[in-house]
Amino acid sequence: MKGGKSDNRYTGSLTGIGMQIYLNGKYCSREEAKVSVFDHGFLYGDGVFEGIRAYNGRIFKLEEHLQRLYESAHHLLLDIPLSMEEMAEATLETVRRNNLQDAYIRTVVSRGPGDLGLDPQKCSGSTVVIIADKISLYAQEYYDHGLSVTTAVTRQRNANTLEPRIKSLNYLNNILVKIEATQAGVLDAIVLNEQGYVVEGSGCNVFIVNKYGELITPPIYLGILEGVTRNTVMELAAKEGITVKEAPFTRHDLYIAGECFLTGTAAELVPVTSVDGRAIGGGVPGPMTKKLMEIFHNYAQNTGTPVYS
Ligand code: PXG
């Protein structure tokens, strides 16, 4: 992006040599993996996607990701020409063909090629893409020392426009938030909804630890993507005996929080130690954040659908 600072995303990306990409039932090279300029995914952002991780030869929460993909498609009346079982198998096979143990998988289903009008009925059939690559979102120093973030001026879409629970190919709201973060010299920004409640980051969910030691994350009805990592962290924390609440909170609650962290498939758990220049928890990652990072890491390494068996 012109004028923007480069960050350290996708540093682990494969060079593409020998990469095998699933495209509409066939596996092809990076060079061959091309879709039409008439695809409504390209023309209108008409489609859905998922970002999934594999750890240690196992796909993490595959069923949950596919469930969300199919729910997003259902809302958009978008046909996925594979059953969920077939999609699961295609996902496993894509990781296998790329011989990966740890991977970041991008599944995309778009409306497919049509004419230049909006009408999805004129599209000939969905385009399905599965890419298995590597990803490293933030440099290790941010996991060790925490991230500085700002709050974004761009607000969350309300559920009567484009429902935030749909993981659609229209990510412009999120991209505007990301641009704001970059312009402010930080790596991410926190989004508020129209009522001023904290909802999420540009591509991640948000948690705080309040002064009572409770772990709080915004409820789904405020307008968030129901993150797979978010749900996993809530479950793992509850098992640890931590009080976990889905409750609305404001920018002020964020500023005075004892701890704060972000969750996402790509980011995993990353501590936040400054918001709009206000230090969170003394400006260092808090004990609950560190504990949950460790528990999540162990859990992710030892669970999931085996790729090679
Ligand atoms: N909220 C939003 C808006 C997201 O896009 C999450 C929360 C976290 O959900 P999971 O299920 O992953 O725990 C996401 C997912 C990126 C990037 O480059 C991030 C996502 C998707 C695509 C790219 O940061 N986030």
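Okay, so strand 3, residues 47-55, and helix 6, residues 228-239, each put at least two residues into the lining of the largest cavity. This is a predicted model, by the way, so keep that in mind as we go.

Who else is around that space? From the earlier part of the chain you'll find Arg53, Tyr55, Phe60 and His65 among the lining residues. Then come Val228 and Thr229, and after those Gly264, Thr265, Glu268 and Phe296. Sort that lining by class and you get four nonpolar, four polar and two charged residues.

How much space lies in the largest cavity? About 50 Å³. And the structure holds three cavities of 30 Å³ or more.

Right, on to the cysteines. How many disulfides does the structure hold? Zero. Take Cys260: the nearest cysteine sulfur belongs to Cys204, and that's 9.4 Å away, while a disulfide needs the two sulfurs within 2.5 Å, so Cys260 is in no disulfide. Is Cys260 buried or exposed? Buried, because its relative accessible area is 2%, under the 20% cut-off. Cys28 counts as buried too, with a relative accessible area of 10%.

Last thing, confidence. The protein averages a pLDDT of 94, and 94% of the residues score at least 70. Where does pLDDT stay under 50? Over residues 1-12. The model does have 22 contacts beyond four places in sequence for that stretch. Still, where pLDDT is low, the predicted coordinates shouldn't be read in detail.

Note on methods: Residues numbered from 1 in each chain as written. Predicted model: local features only at pLDDT ≥ 70, side-chain atom pairs only at ≥ 80, totals over all residues. Heavy atoms only, no water. Buried < 20%, exposed > 50% of the residue type's maximum accessible area, 1.4 Å probe, protein only. pLDDT = per-residue confidence, 0-100. Contact = heavy atoms within 4.5 Å. 1 Å grid on protein atoms, 1.4 Å probe; cavity = no way out; pocket = protein on both sides within 12 Å on 5 of 7 lines; lining within 4 Å. Points joined across faces, edges and corners; volume = space filled by probe spheres on them. Helix = DSSP H or I, 4+ residues; strand = E, 2+ residues; numbered from the N terminus. Nonpolar A, V, L, I, M, F, W, Y, C, P; charged D, E, K, R; others polar.
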